[in-house]
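User: Please take a close look at the charged side-chain pairs in this model, and tell me where the partners sit and how open they are to solvent.

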Amino acid sequence: MTAQVFYINILTVNKFAISFLTVFFLFSCATAGVKNVEYVEFDKTTIVEKEFDDVWGYLVEWAAINSFPIESADKESGIIKLSGSGTVSWSGGANIDQSLVSCGEATGNIGLYGARFTGMTVNAVIILREVDSSTRVTVNLNGNVGVEVRNGYGVVSASQNTCPSRGIFEEKLFTDIKTL
């Protein structure tokens, strides 16, 4: 009788251990986030030897020609805001274009489900200021990307992350504007 009780206790412990490990692996997760984000030093300001009105007109036209949607433009304050999607396609998660910004790699998991990007927007604020007979142009560009970890039931963890500029947008803008 004691051998039978001992055998039943081992079966109960094994069932408990298997159940615990199954629940642990299915529900253990790492928080959604990013890693390996690249930070680059570059110039964010340049002086253009042209009048404010000429530079303003050129920048508005430059944004349109280069397919950067203008969110708002206020000539009095000298501020142009550009905003566009950095999401290229959706195949099992968002494929994002990291040519202008560095978002790194999506991190986090739950069981066998890994983190994925959910979409990205790229925003730029361009500030123009008159400096004597010249115009100072300052650019602040960054991206915002969503990261989600899902299981079979839905989103388990999500985060919004800021992606720093790689300096490519600024370099192109400053090179083009100096040819004005």
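**Charged pairs and their surroundings**

Analyst: Asp176 counts as buried, its relative accessibility being 18%, and this falls under the 20% limit used for that class. Since this is a predicted model, what follows describes computed geometry. The partner of Asp176 is Lys172, and the closest N and O atoms of this salt bridge are 2.8 Å apart. Both residues belong to helix α3, where Lys172 and Asp176 are four residues apart and therefore separated by about one helical turn. Lys172, in contrast to the buried Asp176, is partly exposed, with a relative accessible area of 42%.

The structure holds four salt bridges, and two others among them can be described in similar detail. Glu38 pairs with Arg166, with 2.5 Å between the closest N and O atoms. Glu38 is found in the loop between β1 (29–35) and β2 (45–48), while Arg166 is found in the loop between β11 (154–164) and α3 (168–177), so this salt bridge ties together parts that are 128 residues apart in sequence. Each partner is partly exposed: the relative accessible area is 38% for Glu38 and 23% for Arg166.

Lys75 and Asp53 also meet through their side chains in a salt bridge, at 3.2 Å from N to O. Here Lys75 comes from the loop between β3 (70–74) and β4 (79–85), whereas Asp53 comes from helix α2 (residues 52–65), so the pair ties together parts that are 22 residues apart in sequence. Lys75 is partly exposed at a relative accessible area of 40%, and Asp53 is likewise partly exposed, at 48%. As a general point, side chains of opposite charge can pair when their charged atoms come close.

One further lysine deserves a place in this picture, although the contact described for it is with a threonine. The side chain of Lys178 is joined to that of Thr46 by a polar contact of 2.9 Å. Thr46 lies in strand β2 and counts as buried, with a relative accessibility of 9%. Beyond its neighbours within four places in sequence, Thr46 is in contact with Thr135, Arg136, Val137 and Phe174, as well as with Lys178. Phe174, one of these contacts of Thr46, falls within the span of α3 (168–177), the helix that also holds Lys172 and Asp176.

Note on methods
Residues numbered from 1 in each chain as written. Predicted model: local features only at pLDDT ≥ 70, side-chain atom pairs only at ≥ 80, totals over all residues. Heavy atoms only, no water. Helix = DSSP H or I, 4+ residues; strand = E, 2+ residues; numbered from the N terminus. Buried < 20%, exposed > 50% of the residue type's maximum accessible area, 1.4 Å probe, protein only. Polar contact = N/O pair within 3.5 Å; in protein donor to acceptor, adjacent residues only side chain to side chain. Contact = heavy atoms within 4.5 Å.
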